[in-house]
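Okay, thanks everyone, let's get going. I'll put the structure up and then walk you through a few spots in it.

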Amino acid sequence: MDVRENKKTVWETNGPLETSRLAYCLGQQAQPGQVYGLDGDLGAGKTVFAQGFASGLGIEGPVNSPTFTIMQQYEDGRLPLYHFDVYRIGSLEEMEEVGYEDCFYGDGVCLVEWSDLIEGLLPKEAVRIRIEKDLSRGFDYRRILVGPCR
Ligand code: ADP
Ligand code: MG
């Protein structure tokens, strides 16, 4: 189910499989040069989403959060995937050290977990994905907002 709200699309899922399926479809539709910012609290479902997204790009191996490397690159899909997890980033210089500009402005697809932390570096065309819980709707309920930065 989705409804339009300020150009953001709101999806609702009721389990990891549904979130993964939504992410798979978005991965299938991803275009070269796109940057996706992925935000949500711990346990919201960012890794579930990232795995589905990578799978939709045709990437076969497991996709884990690259917490200790900031960026993990996958080359076996339809397009290169640059998977960032900037949760533990200490300074924006670390982004430069991993060469984020070549990724953000290249021909692959970037998926950036905790993108709020590097908001200023995101291209203004970035697609923002926010996963929210709402315990009043049940433990497995997630609201997933997909849309432009502003
Ligand atoms: P994050 O990477 O955001 O910290 P994870 O993806 O590692 O979160 O974990 C999400 C957890 O929530 C998983 O254990 C998953 O099974 C569970 N879960 C329950 N309902 C959902 C849902 N609708 N969408 C995604 N994950 C869900
Ligand atoms: Mg995670």
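Let me start with a question: is D116 buried, partly exposed or exposed? D116 has a relative accessibility of 34%, so it counts as partly exposed. One thing to keep in mind throughout: this is a predicted model.

So who does D116 talk to? D116 makes a salt bridge with R130, and the closest N and O atoms are 3.3 Å apart. That pair ties together distant parts of the chain, with R130 in strand β7 and D116 in the loop between β6 and β7, 14 residues apart. R130 comes out at 32% relative accessibility, so that one is partly exposed as well.

Now, the general background, which you all know: side chains of opposite charge can pair when their charged atoms come close. Here, a search of the whole structure turns up eight salt bridges. One of them is between R128 and D39, with 3.8 Å between the closest N and O atoms. That is another link between distant parts of the chain: R128 sits in strand β7 and D39 in strand β3, 89 residues apart. And R128 and D39 are both buried. For the cut-off, buried here means under 20% relative accessible area.

If you put those together, you get a network: D39, D116, E119, R128 and R130 are linked by salt bridges. There's also a salt bridge between the side chains of D134 and R143, at 3.2 Å from N to O. R143 has 21% relative accessibility, so it counts as partly exposed.

Okay, on to the strand that D39 belongs to. How many of the five residues of β3 are buried? Five of the five, over residues 35-39, so the strand is mostly covered. And if you look at its two faces, both are covered: V35, G37 and D39 are buried on one side, and Y36 and L38 are buried on the other.

What does β3 pair with? There's β6, in the parallel sense, over four bridges. Within that pairing, V35 has C110 in β6 as its bridge partner. Then there's β7, again parallel, again with four bridges. In that case Y36 is matched with V127 in β7.

Let's move to the ligand. Which residues come nearest to ligand 1? There are 15 residues around it, and T19, G43, K46, T47 and D140 come nearest. Some of the contacts go to the backbone. One oxygen atom of ligand 1 is 2.8 Å from a polar backbone atom of G43. For G45, a polar backbone atom lies 3.0 Å from an oxygen atom of the ligand. And at D140, a polar backbone atom is 2.8 Å from a nitrogen atom of ligand 1. On its own, ligand 1 exposes 580 Å², and the protein buries 75% of that. The elements giving two or more residues to the shell are α1, residues 16-29, and α2, residues 46-56. The largest share of that shell comes from α2, with three residues.

Next, the backbone. As a reminder, most residues other than glycine have a negative phi. I70 has a positive phi, near 65°. You'll find I70 in the loop between α2 and β4, where β4 is 71-74. At 10% relative accessibility, I70 counts as buried. W114 also has a positive phi, near 65°. W114 is in the loop between β6 and β7. It's buried too, with a relative accessible area of 16%.

Last stop, the surface. Which residues form a nonpolar patch there? L42, Y87 and L117 do, and together they have about 310 Å² of accessible area. L117 is in the loop between β6, residues 109-113, and β7, residues 127-133. Its relative accessibility is 46%, so L117 counts as partly exposed.

If you want one place to look after this, go to that loop between β6 and β7: D116 is in there with its salt bridge partner R130 in β7, W114 is in there with its positive phi, and so is L117 from the patch. That's what I had, thanks.

Key. Residues are numbered from 1 along each chain as its sequence is written. Chains are lettered from A and ligands numbered from 1 in the order in which they are written. This is a predicted model: local features need pLDDT of at least 70, side-chain atom pairs count only at pLDDT 80 or more; totals for chains, interfaces and linings use all residues. Side-chain values use heavy atoms; hydrogens and water are left out. Patches are made of residues with over 30% relative accessible area and no salt bridge: like charges are joined within 9 Å, nonpolar side chains (Val, Leu, Ile, Met, Phe, Trp, Tyr) within 5 Å. Accessible areas come from the Shrake-Rupley method with a 1.4 Å probe; for residues, only the protein chains shown count as cover. A salt bridge is a side-chain nitrogen of Lys or Arg within 4 Å of a carboxyl oxygen of Asp or Glu. Buried means under 20% relative accessible area, exposed over 50%, partly exposed in between (1.4 Å probe, protein chains only). Two strands pair if DSSP finds at least two bridges between them. A residue is near a molecule or strand if one of its heavy atoms lies within 4 Å of it. A polar contact is a pair of N or O atoms within 3.5 Å; within protein, one must be able to donate a hydrogen and the other to accept it, and residues adjacent in sequence count only if both atoms are side-chain atoms.
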